[in-house]
Amino acid sequence: MSSPNLYALILAGGSGTRFWPLSRNAKPKQLLALFDDETLIEKAVNRLEGLVPPERILVLTNEAQLEGVRAALPMLPAENIVAEPARRDTAPAIALAAGWIAARDPQATMLALPADQLVVKVEEFRRVLRAAAAAAAAEQAIVTLGIKPDWPCPSYGYIERGGAIKTDDGGTGAAVHEVKRFREKPDVATAEAYLREGTFSWNAGIFIWTIPTLMRELSKNCPQLAGFVGELRDSPDFAATVTERFPQLDKISIDFALMEKASRILNIEAEVGWDDVGGWPSVAKYLTTDD
C-alpha cells in the first residue's frame with residue numbers, strides 16, 4: 001500500500017554520452033531500452049508502483065529531453081515532468097523538487113532517485129524503500145540506500161556504516177545503521193580493503209528524508225537552497241519562480257552541499273540486483289551472446 005505522504009523525485013538529466021552511438025543529447029541513457037522493451041526511466045517509475053502513486057511522482061529533466069521523457073512516461077501527469085531552466089547539478093534539482101512537494105504537503109517524506117539505474121529485484125527494492133521512509137520519519141534523519149558490493153569496484157563512491165540502531169522500519173525487518181562517513185571513489189587496493197572490512201556499501205545516490213528534516217539541514221548547511229524551497233512552497237506561480245530563481249542558484253552536487261555536512265545520516269544496505277549501467281560493458285553481461 002502506498003503511504004499517504006510519500007512523494008518521489010526522479011532525476012532524469014544527463015548529456016547522452018555514455019551509450020554512443022545510440023545515445024544523444026536528446027536521448028540519454030535513461031531513454032534507451034537496453035535490456036528489454038522498457039526504457040530505464042520507465043523502469044524507474046514502474047518500480048514505485050504500489051509505493052508512490054503517479055500524481056506524487058515528479059520527474060526533473062532538461063529542455064532537450066523534455067519531449068522524450070514525457071513520451072516515455074504517459075502514466076504520469078504531463079505537468080509532473082519538469083525541465084530545469086539551467087543545469088545546476090543535483091542539490092538545486094532536489095531543492096526544486098522539495099519546494100514542489102512542500103507546496104502539497106509540508107510534512108511529506110521524499111524519495112530522491114536516479115532515472116538511469118537497473119534494479120532486478122523490484123519487490124525487495126520496494127521493501128527497502130518502505131523501511132527507509134519509515135526510518136527517515138521516525139528518526140528525523142537523512143537515510144541513504146547502500147548497495148551490498150560484490151566486487152571491489154573503484155568507480156563507485158562508498159558509504160561506511162557504523163552500528164545498527166533500533167527504529168521504526170515499517171515492519172520490514174530491515175537493518176538500519178548509522179553512517180560513519182562517505183568515501184570518494186577508491187583505488188582497487190582500497191576497494192578490496194573495504195570489502196574485507198564488510199562495513200562498506202556502494203553509494204547508489206538514493207536518498208530519503210522528510211521535508212522538515214531536509215529544510216533543517218539545508219538551513220544549516222546551504223541556506224540559499226533552503227530559501228529557494230521556501231519561495232517555491234509559498235509561490236502563487238511555481239513555474240515563474242523556477243524560471244526566475246533556479247538559474248541564479250549555485251551549481252553544486254547534493255553530496256557536497258549536504259551529505260558530507262549533515263548532522264545525522266542513516267543507511268540501509270540492500271541486495272536488489274542493482275547496476276549503475278555505466279556503459280556498454282555493463283549491458284553486455286545481461287544479454288545472451290552468439291558464437
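Reader: Which residues have the most contacts inside the largest nonpolar core, and how many residues does that core have?

Author: In soluble globular proteins, nonpolar side chains tend to be buried together. In this structure, which is a predicted model, the largest nonpolar core has 54 residues, and those with the most contacts inside it are L48, V59, L111 and L129. Helix α4, which covers residues 122–139, gives the largest share of this core, namely 8 residues. Apart from it lies another core, of 44 residues, which includes Y7, F182, L225 and I265.

Reader: If I take V59 as an example, with which residues is V59 in contact, once its neighbours within four places in sequence are left aside?

Author: With those neighbours set aside, V59 is in contact with I10, A12 and I41, with V69, L73 and L76, and also with N80, I81 and V82.

Reader: How should I judge the span of a helix, and what do the end C-alpha atoms of helix α3 show?

Author: One takes a rise of 1.5 Å a residue and compares the expected span with the distance between the ends; for helix α3, with its 13 residues from 90 to 102, the expected span is 18 Å, and because the end C-alpha atoms are 18 Å apart, the two agree.

Reader: Is α3 mostly covered or mostly open, and how many of its residues are buried?

Author: Helix α3 is mostly covered, with 12 of its 13 residues buried. The buried residues run through A91, P92, A93, I94, A95 and L96, and continue with A97, A98, G99, W100, I101 and A102.

Reader: Turning to charged side chains, how many salt bridges are counted, and where in helix α4 do E123 and R126 lie?

Author: An α-helix has 3.6 residues a turn, so residues three or four places apart point the same way. The count for this model comes to 15 salt bridges, and one of them joins the side chains of E123 and R126, at 2.5 Å from N to O. Both residues lie in helix α4, 3 residues apart, which is about one turn of the helix. Their surroundings can be read from accessibility: E123 counts as exposed because its relative accessibility is 55%, whereas R126 is buried, with a relative accessible area of 11%.

Reader: What can be said of R127 and E124, and is R127 buried or partly exposed?

Author: R127 forms a salt bridge with E124, in which the closest N and O atoms are 2.7 Å apart, and these two residues also lie 3 residues apart in helix α4, about one turn of the helix. R127 counts as partly exposed at 27% relative accessibility, and E124 counts as partly exposed at 25%.

Reader: Which parts does the pair of R264 and E178 tie together?

Author: In the salt bridge between R264 and E178, the closest N and O atoms are 2.8 Å apart. R264 lies in the loop between α9 (254–259) and β10 (265–270), while E178 lies in strand β8 (residues 176–183), so the pair ties together parts that are 86 residues apart in sequence. At 25% relative accessibility R264 counts as partly exposed, and E178, also at 25%, counts as partly exposed. Elsewhere, salt bridges that share partners join D36, E38 and K43 into one network.

Reader: As I work with cysteines at the bench, how many disulfides are counted, and is C153 buried or exposed?

Author: A disulfide is called here when two cysteine sulfur atoms are within 2.5 Å, and by this rule the count comes to 0 disulfides. C153 is buried, with a relative accessible area of 2%, and C222 counts as buried at 12% relative accessibility.

Technical notes:
Residues are numbered from 1 along each chain as its sequence is written. This is a predicted model: local features need pLDDT of at least 70, side-chain atom pairs count only at pLDDT 80 or more; totals for chains, interfaces and linings use all residues. Side-chain values use heavy atoms; hydrogens and water are left out. A nonpolar core is a set of buried Ala, Val, Leu, Ile, Met, Phe, Trp, Tyr and Cys residues joined through side-chain atoms within 4.5 Å. Buried means under 20% relative accessible area, exposed over 50%, partly exposed in between (1.4 Å probe, protein chains only). Helices (H or I, at least four residues) and strands (E, at least two) are DSSP runs, numbered from the N terminus. Contact means heavy atoms within 4.5 Å. The expected span of a helix is 1.5 Å times one less than its number of residues. A salt bridge is a side-chain nitrogen of Lys or Arg within 4 Å of a carboxyl oxygen of Asp or Glu.
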